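These notes are meant for a colleague who is opening this entry for the first time. Please keep the structure in view while reading the numbered points.

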Amino acid sequence: MQIKKRIYITIFVLLLSLITILVLKNPTILGNVTLDNLYKEDYKCKDCNIILISIDTLRADHLGVYGYERDTSPNIDELAEDSFIFKNSYSSASWTRSAIASILTSKLPIEHGINSERKKERLEDDFFTIQEFFNERNYSTAAIYTNPHLNFGLVQNFSYTNYKGNRWADKTYDKAINWLESNSDNKFFLLVHNNDPHDSYDFHKGFNFSQKNSKYRRLGPFFPTRIDGNKIGCENQENITQLNEEQLSEMMANYDEEIAFTDHHFGRLINYLKKNKLDKKTVIIFTADHGEEFLEHGRYWHGCSLYDELIRVPLMINLPEISGNKFKQKVSTIDIFPTLVEIFDRDNLDKYSFSGQSLLPLIENRNWEEKPIFSSTAFKGPLKYSLIKENYKIIKYAEGPIIGIYDLDKDPEESKNLKNDPLFNYLQDSLQELIELKSNDLTKKDKEKSEIDEETLEQLKSLGYMN
Ligand SMILES: [Zn+2]
């Protein structure tokens, strides 16, 4: 009897210890994580800095934290360990200018008006941006970037900008670290946008994913050549080069090498923050503007369509001294700005006009509702929309037929088109409703008259944009 009692007590103590360890490791196991720390008077993050990292052309599913089997992202994965990770996060567009304008304004492309790269559409000054929010709070604001699309009004009102096209991640992150060395005495908001995973996919010694002499490094807009791509546009790609599986996988290895190269230099920035104890007072947001397609739906590159390989992007938020969590709810990169506002100006969130919504209630397990996710593109072709509602997604020409309807839960590859099933008519209605709602406050300005400088123009051409 005595022995039995001891066994019961031992089991009880073991179970209790196990539960304690689990709860300590993951406070959300209690079902209600509270971020009270954020709002306490003495919490250091009241005056936190912010670093927003956006990587050009980075598909979520090519990162370890999003389940990729190749080790492309050890440093990003390490940051993810104590970050809030949004497993199903979407961009508002599948090309840079449109997508980044949405992140910085929390407005959809049909609202900020940047839909097509052919017209020189730019972000008008009257849109309120993340940098302006932090300027108002006396932060130093800096944008260090390598994609010329940001020169179309997107970096308006940063107190410091540094742009250089064709600059690799090593130099971009050097520049970011240098800027921090002389500016981190003040509160700061730093945007870093590096272009490395954008084609061409350069060889980087020491990463061992690709062969130096690979033929598949430069896609042009639509492969095999830029000139053909610009001529044929998005809608006439039936005759593009069909690479076989082996060639495609070589091309993807080249792409992955650019991700690994970026990850390595991103890691140097994180180490700098840790070494200087800036990690304890800096909110880090990690995301991308759009993904890349490798013939999954008959095309290469990006911009032309709105399938998940193009609009599903990583999104992670790292809050100092608060352990993270994973979410499978569908969110959008236009949710970044309202989330920042709720962290830094909690009582006034309602006063701002955003199309996204703050993710803090989701993080804190308060009242939060998943909203339909809307994306669009008119890149080298007619305007297309996509809408994701619950597990269904519709892609449609703005003025034309439905391209596809997919069940993202059962068919994440979007291979089984349900567009002829009348059950899904409601998706088209929802899409129409949303467009009408948003069109009401569209600005009717002529977007075609903007001026851009020669260097930006040259850079755009070298990346395969414009004729
Ligand atoms: Zn881009």
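1. Two strands count as paired if DSSP finds at least two bridges between them. By that rule strand S1 pairs with S5, since 6 bridges join S1 to S5 and the two run parallel; at one of the positions along this pair, Leu 52 stands opposite Leu 191 in S5. Please bear in mind throughout that this is a predicted model.

2. As an overview, the chain holds 14 helices and 14 strands, and buried residues make up 46% of its 467 residues. Among the contacts in the chain with a separation of 6 or more, 66% are accounted for by residues 24 or more positions apart.

3. An open sheet of 8 strands follows the order S4-S3-S5-S1-S6-S9-S2-S10, with mixed pairing. Its edge strands are S4 (160-163) and S10 (325-332), each of which pairs on one side only, and the twist from one strand to the next averages 15°. Helix H7 (residues 169-183) packs on this sheet, where it touches S3 (140-145), S4 and S5 (188-194), and the direction of H7 makes about 170° with that of S5.

4. Strand S1 (residues 49-55) is also joined to S6 (residues 282-288), by 7 bridges, and these two strands run parallel. Asn 49 stands opposite Thr 282 in S6, and further along Ile 53 stands opposite Phe 286 of that strand.

5. How many of the 7 residues of S1 are buried? The count is 7 of the 7, so S1 is largely enclosed by the rest of the structure. Asn 49, Ile 51, Ile 53 and Ile 55 point one way from the strand, while Ile 50, Leu 52 and Ser 54 point the other way, and all are buried.

6. Helix H4 (residues 96-105) deserves a comparable look, because 10 of its 10 residues are buried and H4 is therefore largely enclosed by the rest of the structure. The buried residues include Arg 97 as well as Ile 100, Ile 103 and Leu 104. What covers them includes S1, helix H5 (109-112), helix H6 (130-135), helix H11 (336-344) and strand S11 (373-377). After H4 comes Ser 106, whose phi is positive, near 55°.

7. The largest nonpolar core has 105 residues, of which Ile 53, Leu 154, Leu 190, Ile 285, Met 316 and Leu 340 touch the most other members. Helix H9 (residues 245-275) gives the most to this core, with 9 residues, and the core draws at least three residues from each of domain 1 (34-372) and domain 2 (382-443). Leaving aside residues up to four places away in sequence, Leu 340 touches Ile 50 and Ile 130.

8. An open sheet of 4 strands, with antiparallel pairing, runs in the order S11-S12-S13-S14. S11 and S14 (402-407) are its edge strands, each pairing on one side only, and the twist here averages 10° from one strand to the next. Within this sheet, 6 bridges join S12 (residues 384-389) to S13 (residues 392-397), which run antiparallel, and Tyr 385 stands opposite Lys 396 in S13. Helix H13 (residues 425-439) packs on the sheet, touching S11, S12, S13 and S14, and the direction of H13 makes about 115° with that of S12.

Terms used:
Residues numbered from 1 in each chain as written. Predicted model: local features only at pLDDT ≥ 70, side-chain atom pairs only at ≥ 80, totals over all residues. Axes fitted to C-alpha atoms, helices over the stretch in contact; angles between N-to-C directions. Contact = placed C-beta atoms within 7 Å. Buried ≥ 20, exposed ≤ 12 C-beta atoms within 10 Å, placed from the backbone. Core = buried A, V, L, I, M, F, W, Y, C linked by C-beta atoms within 7 Å. Domains from an automatic or database assignment.
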